[in-house]
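This report describes selected helices, their packing and some backbone features of one protein chain. The structure is shown first, and the description follows.

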Amino acid sequence: MSAAPLPTLMVVPTGIGCEIGGYAGDALPSARLLAAASGCLITHPNVMNGAALYWSDSRIHYVEGYGLDRFAAGDWALRPVRCQRIGLLLDAGIEAELAQRQIQVAEACRATLGLDIGPVLRSDQPLGVSLDRGPSGASWGRLEHPDALLRAGERLRDAGATAIAVVARFPEDLGSDALTSYRQGSGVDALAGAEAVISHLLVRHLQMPCAHAPALAPLPLDPQLDPRAAAEELGYTFLACVLVGLSRAPDLIDTTAALTGDVQASQIGAAVVPEGALGGEAVLACVERGIPVISVANPSLLSVTPKVLGLSSGVFQASSYAEAAGLLVALREGISPAALGRPLPALQKIQ
């Protein structure tokens with residue numbers, strides 16, 4: 001008889017250059033493995049979005065980063081749904097031909113995957129996305145007109161959308177050293193920080209599943225392309241994975257209104273996070289609750305380690321996501337991870 005699912009958070013922060021998860025969808029194999037090990041994985045679009053590529057798995061809950069933080073803090077519960085009606089929000093700053101490419105992706109997902117998409121709305125003014133870097137080198141960004149984003153989101157919600165896919169026009173950075181490094185496997189995703197700003201704003205304002213895809217002109221062919229960057233080179237848009245992810249994203253429910261069958265923070269059995277990125281709100285909420293944290297060797301720009309945070313217990317080190325999956329199986333089966341290593345730690349004695 002198999003053990004009950006162990007609801008597990010998988011967090012790979014956006015825009016910090018993680019070796020696994022720093023590119024479009026390159027953490028998907030790890031997410032699939034952790035979902036199989038845990039039976040229930042809660043993760044965010046940065047992990048699941050692979051541009052034109054995606055992977056549907058009923059064991060994986062697709063939860064935008066701000067919503068994931070609120071869930072881990074115990075403010076919101078997750079209510080599984082059969083499907084979402086996805087409103088498509090297009091930035092007024094997208095050129096007509098590029099906007100039509102986004103609509104064609106939506107039409108293709110309706111025709112081939114049976115997704116419920118619509119209505120479509122252009123913002124009443126360009127969102128004005130700009131890109132930036134933080135002191136650590138992590139990517140960041142700003143919106144010139146966040147009010148236009150929120151107004152459009154409200155209109156889609158009022159028109160019957162239960163989830164929102166956003167496509168914003170992003171600045172072109174052709175020929176930059178940063179873009180070249182990223183495409184060749186040694187840089188940071190310059191778009192990811194601004195994408196997080198957009199989705200966080202909408203989820204915070206509407207309490208609905210939302211995710212973002214950037215609108216960019218196709219890049220010229222690069223013979224030296226790193227395999228991790230290849231998913232972003234397959235077509236004219238990044239929208240397909242967002243539509244698939246949102247199609248079954250759980251509803252975000254106030255905990256006070258939670259029902260039997262909703263997933264709540266009290267059910268979280270473990271959190272899996274890169275070893276240098278333990279400072280996020282969701283992970284710290286798990287630490288406060290005494291939930292086991294599996295710290296995976298996954299280098300990034302950050303160095304917020306268990307040692308820096310003064311965490312001496314409740315954190316398990318894993319050299320890979322494969323090892324993290326083994327630890328999840330142990331926790332799910334009620335096996336003490338300490339019993340799997342040698343020498344066995346001494347029994348604790350109290351006076």
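## Helices, packing and backbone

Helix α11, residues 321-332, has its end C-alpha atoms 16 Å apart, which agrees with the 16 Å that its twelve residues should span at 1.5 Å a residue. The model is predicted. Tyr 321, Ala 324, Ala 325, Leu 327, Leu 328 and Ala 330 are the buried residues of α11. These buried residues pack against two kinds of element: the strands β1 (8-10), β12 (270-274), β13 (293-296) and β14 (315-318), and the helix α1 (28-38). In general, an α-helix has 3.6 residues a turn, so residues three or four places apart point the same way.

The segment after α11 contains Pro 343. The peptide bond that leads into Pro 343 from Arg 342 is cis, with omega near 0°.

### Helices α5 and α7

Helix α5 covers residues 146-158, 13 residues in total, and reaches 19 Å from its first C-alpha to its last, close to the expected 18 Å. Its buried residues are Ala 148, Leu 149, Leu 150, Ala 152, Gly 153 and Leu 156. They pack against the strands β5 (85-90), β6 (116-122), β8 (139-143) and β9 (163-169), and against helix α7 (192-206). Just after α5, Gly 160 has a positive phi of about 110°.

In α7, 15 residues should span 21 Å at 1.5 Å a residue, and the end C-alpha atoms are 21 Å apart, in agreement. Helix α7 is mostly covered, with eleven of its 15 residues buried. The buried set consists of Ala 192, Gly 193, Ala 194, Glu 195, Ala 196, Val 197, Ile 198, Ser 199, Leu 202, Val 203 and Leu 206.

How do the two helices cross? The axes of α5 and α7 come within 10 Å and cross at roughly 50°, and the two helices are therefore oblique to each other. The crossing is right-handed. On the α5 side, the residues in contact are Pro 146, Leu 149, Leu 150, Gly 153, Glu 154 and Arg 157; on the α7 side they are Ile 198, Leu 201, Leu 202, His 205 and Leu 206. By class, the residues of this contact are seven nonpolar, two polar and two charged.

### Helices α3 and α9

Helix α3 (residues 65-72) packs with helix α9 (residues 281-289) at an angle of about 10°, and their axes are 8 Å apart. Angles under 35 degrees count as roughly parallel, and α3 and α9 are therefore roughly parallel to each other. Leu 68, Asp 69, Arg 70 and Ala 72 of α3 make the contact with Glu 281, Ala 282, Ala 285 and Arg 289 of α9. The residues of this contact are four nonpolar, no polar and four charged.

### Backbone features and loop residues

Most residues other than glycine have a negative phi, and most peptide bonds are trans. Pro 119, in strand β6, follows a cis peptide bond from Gly 118 with omega near 0°.

Two residues that are not glycine have a positive phi: Ala 51, at about 60°, and Gln 207, at about 55°. Ala 51 lies in the loop between α2 (45-48) and β3 (60-62). Gln 207 comes just after α7, in the loop between α7 and β10.

Met 208 is also found in the loop between α7 and β10 (210-215). Beyond residues up to four places away in sequence, Met 208 touches Arg 157, Ala 161, Thr 162, Ala 163, Ile 164, Val 203 and Leu 252. Met 208 and Ser 295 are 87 residues apart in sequence, and their C-alpha atoms are 30 Å apart.

Gln 224 is in the loop between β10 and α8 (239-247). Apart from neighbours within four places in sequence, Gln 224 is in contact with Arg 183 and Gln 184. Gln 224 and Arg 110 are 114 residues apart in sequence and 35 Å apart in space, C-alpha to C-alpha.

The table lists the accessibility of these loop residues.

| Residue | Relative accessible area | Class |
|---|---|---|
| Ala 51 | 4% | buried |
| Met 208 | 7% | buried |
| Gln 207 | 26% | partly exposed |
| Gln 224 | 56% | exposed |

How values were computed
Residues numbered from 1 in each chain as written. Predicted model: local features only at pLDDT ≥ 70, side-chain atom pairs only at ≥ 80, totals over all residues. Heavy atoms only, no water. Helix = DSSP H or I, 4+ residues; strand = E, 2+ residues; numbered from the N terminus. Expected span 1.5 Å × (residues − 1). Buried < 20%, exposed > 50% of the residue type's maximum accessible area, 1.4 Å probe, protein only. Contact = heavy atoms within 4.5 Å. Axes fitted to C-alpha atoms, helices over the stretch in contact; angles between N-to-C directions. Parallel < 35°, antiparallel > 145°, perpendicular 65-115°, else oblique. Left-handed = near helix turned anticlockwise from the far one by under 90°. Nonpolar A, V, L, I, M, F, W, Y, C, P; charged D, E, K, R; others polar.
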